[in-house]
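Please look over the structure below before reading the points. They cover one helix pair and one pocket.

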Amino acid sequence: MTAEPLELAGMLGGCGAAAAALVLDDRRARLIACALALAIAPVLVLGNVWHEPRVVDFRTSPAQLGTALAVGVVGVALLGSLFRRHSSLLPIAALAMLPLRVPVDIGGETANLLVPLYLVIAAGVIAAGSREWRAGRAPAAPPDSGWPRWLRWALAATLVLYAVQAAYSDDVKNAIENIGFFLVPFAVLFALLVEVEWTRRLLGRALIAVGVVASVCAAIAVYQWLARDLFLNPELFDANELHIYFRANSVFFDPNILGRYLALAIAAFAACLAWAESRRAVGLALGACALALVGLAFSYSITSFAALLAGLATIALLRWGARGLAATGALGAVALIALLLAGGTPTSDIESDRSIDSGHASLLRGGIELAGDRPLAGYGSGSFGAAFYDNIERARTTVSHSEPVTVAAEQGAIG
């Protein structure tokens, strides 16, 4: 076992509480589990980095620590009060804040964290708990049955399994970060959103919020491309100096993350267009879609375009059946031909530096090799980067960019 007893206890406690929040029938018990999971997650992460120089500098600075605590407490209190009075604002705020990261300077190093989303989740739990206890009504059972209920149990089992398989991980630190920053808060958010009554009106407001955020992100990307200026990522600026094309990253560290978010937003706009009943809705969706598509183009993220085509194909199949799917396939073929004509020649700058696989092919092959080495239980949760570096290649980038391959290498057939 590579994880320390306290680390393993923290991971099991956080994931176990989040799992309980997904499956318990008693609503008050679910909310208690949500609160417990959110309390354990930051303690787990802080314990993991407590002695790192940048954290030592931060926690020994009363001004920085006090400011951070004050901002967090005030933010959660204000949002909690707002969500308690207007519960429909929680899903809108969650979807709007989903992509936004805040650069936090700790001891001279910058970490890009989902701080706005974390505040929304914490405030959502507080608001839900406040409403539940003040109402004094009998605890309610989850409103689902059949496959939605099985989905809850599958997600809960995944959380617990991830914590268990972190016990022998080659990179326990990364597993802890994944649990504390992503798995636990997202599971709690799921538990909150699954209780929302998703009316047509609420969906429309949520889409407007996504449209505003996506439009702002895309507009910033357009500005960056025109001004040849970047934020947050000096390494990307240096890389752009070497090429004939300029990749924008907007408010994200990685242009590919910008591309992923805009692809998701465009798919949402496309769904609105497919079922819209008013000209105003069509006009607004087309405008937001066009701006987001320009921003996506300036990210030069080929895999994001592939994700977008997959989303559009799904919408076309649901709306128009086989004919819609065939039309989307034809559009994809045209896009692929255009890509090859624009930058696919062996001597082009894009082909030499950003080929279609973008260097991912070697990572995929290495991940498959790692999975073959330990086919049953893998190298442990969160261990892909360390295992790839130690056993395959000492590459600069060791993220597979393919979740099935990551899971196969880290958690084996069990995962």
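In which crossing does H2 pass H8, left-handed or right-handed?

1. The crossing of H2 and H8 is left-handed, a term for a near helix turned anticlockwise from the far one by less than a right angle. Helices are DSSP runs (H or I, at least four residues) numbered from the N terminus.

2. This is a predicted model, in which local features need pLDDT of at least 70 and side-chain atom pairs count only at pLDDT 80 or more, while totals for chains, interfaces and linings use all residues. Residues are numbered from 1 along each chain as its sequence is written, and side-chain values use heavy atoms, with hydrogens and water left out.

3. Helix H2 (residues 27-49) packs against helix H8 (residues 172-193) at about 165°, and their axes are 9 Å apart. The two are therefore roughly antiparallel (angles over 145 degrees). Among the residues in contact (heavy atoms within 4.5 Å) are Leu 38, Ala 41 and Val 45 of H2 and Ile 176, Phe 181 and Val 184 of H8. By class, this contact has 14 nonpolar, 2 polar and 2 charged residues.

4. The second largest pocket holds about 1,200 Å³ of space. Of its 35 lining residues, those closest to the centre are Leu 203, Gly 204, Ala 206, Leu 207 and Ile 208. H9 (200-227) is among the helices that supply at least two residues of this lining, and H9 gives the most, with 10 residues. H8 is also one of the helices supplying at least two. By class, the lining has 28 nonpolar, 4 polar and 3 charged residues.

Key:
Axes are lines fitted to C-alpha atoms, for helices over the stretch in contact, and angles run from 0 to 180 degrees between N-to-C directions. Angles under 35 degrees count as roughly parallel, over 145 as roughly antiparallel, 65 to 115 as roughly perpendicular and the rest as oblique. Ala, Val, Leu, Ile, Met, Phe, Trp, Tyr, Cys and Pro count as nonpolar, Asp, Glu, Lys and Arg as charged, and the others, Gly among them, as polar. On a 1 Å grid over the protein atoms alone, a cavity is a set of points where a 1.4 Å probe fits but cannot get out, and a pocket is an open set with protein on both sides within 12 Å along at least five of seven lines; lining residues have an atom within 4 Å of a point. Grid points are joined across faces, edges and corners, and a volume is the space filled by probe spheres set on the points.
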